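Me: I have a model open and would like to go through one part of it slowly with you. Could you help me look closely at how a pair of helices sits together, and then place that pair in the rest of the chain?

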Amino acid sequence: MNKVLIVDDSSTMRKIIMRVLRQAEIAVDNVIEAGNGVEGLAALGANPDIGLILSDVNMPEMNGIDFVKAIRSSHTKEQLPVIMVTTEGGGAMVNTAMELGANGYVCKPFTPDSIRSALEPYVG
Ligand SMILES: [Mg+2]
């Protein structure tokens, strides 16, 4: 996996996700960060070689639901997998995201194991 896009309005959470990716020994050459869906779409436009997206659900400007919807107007699930990062109790929002084309989800707080099993189908 060369390029991964992490979208979360918490920079702390983005750092945690990056650390857990390393701990899970998921080979990532390049991580791009964005603070909401609008920034995420801009990052994707600037980096069309992004191969996987990890996205928070609750974010200002554009939340994870609208972000997934926007991505699926241009990329299929096979072309660009999107994994939602959710808090416990965010089930209804995650279900909506899955209906709109998210490939999977991982619940916070997550472990290297839970990240690995969520991403395994998509990372080489
Ligand atoms: Mg958030």
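How close do the axes of α3 and helix α4 (residues 91–99) come, and at what angle do they cross?

Reply: Happy to take this slowly with you. Please keep in mind that this is a predicted model.

Let's begin with the pair you picked. The axes of α3 and α4 approach to within 9 Å, and their crossing angle is roughly 5°. That angle makes α3 roughly parallel to α4. On the α3 side, the residues that make the contact are G64, I65 and V68, and they meet M93, T96 and A97 of α4. By character, the residues of this contact of α3 with α4 divide into four nonpolar, two polar and no charged.

Helix α3 has another helical neighbour to look at. The axes of α2 (residues 37–46) and α3 (residues 64–71) also come within 9 Å, with a crossing of roughly 30°. Helices α2 and α3 are therefore roughly parallel to each other, and their crossing is right-handed. If you colour the residues in this contact, you will find G37, G40 and L41 in α2 facing G64, D66, F67 and A70 in α3. They divide into three nonpolar, three polar and one charged. G64 is worth a second glance, since it appears in the contact with α2 and also in the contact with α4.

Now let's step out to the sheet. Five strands form an open sheet in the order β2-β1-β3-β4-β5, and their pairing is parallel. The edges are held by β2 (30–34) and β5 (104–108), each with a single partner strand, so one side of each has no neighbour in the sheet. On average, neighbouring strands of this sheet are turned by 20° against each other, direction ignored.

For one of these pairings in detail, turn to β1 (residues 3–7), which pairs with β2 in the parallel sense over five bridges. One residue to follow there is V4, whose bridge partner in β2 is V31. Helix α2 comes back into view here, as it packs on the sheet and touches β1, β2 and β3, with its direction making about 165° with that of β1. Another helix to add is α1 (residues 11–23), which lies across β1, β2, β3 (52–56) and β4 (82–87) and runs at about 145° to β1.

Two loops deserve a stop on the way. In the loop between α1 and β2 you will find E25, a residue other than glycine whose phi is nonetheless positive, near 55°. The other stop is the loop between β5 and α5 (112–119), where P109 lies. The peptide bond joining K108 and P109 is cis, with omega about -5°.

Finally, here is the whole chain. Its secondary structure comes to five helices and five strands, and from the N terminus on, the elements run β-α-β-α-β-α-β-α-β-α. The radius of gyration is 13 Å, close to the 14 Å that the globule rule gives for 124 residues, so the chain is as compact as a globular protein of that length. Taken along the principal axes, its C-alpha atoms fill a box of roughly 35 × 30 × 25 Å.

Key
Residues numbered from 1 in each chain as written. Predicted model: local features only at pLDDT ≥ 70, side-chain atom pairs only at ≥ 80, totals over all residues. Axes fitted to C-alpha atoms, helices over the stretch in contact; angles between N-to-C directions. Helix = DSSP H or I, 4+ residues; strand = E, 2+ residues; numbered from the N terminus. Parallel < 35°, antiparallel > 145°, perpendicular 65-115°, else oblique. Left-handed = near helix turned anticlockwise from the far one by under 90°. Contact = placed C-beta atoms within 7 Å. Nonpolar A, V, L, I, M, F, W, Y, C, P; charged D, E, K, R; others polar. Pairing = 2+ DSSP bridges. Rg over C-alpha atoms; globule rule 2.2 N^0.38 Å.
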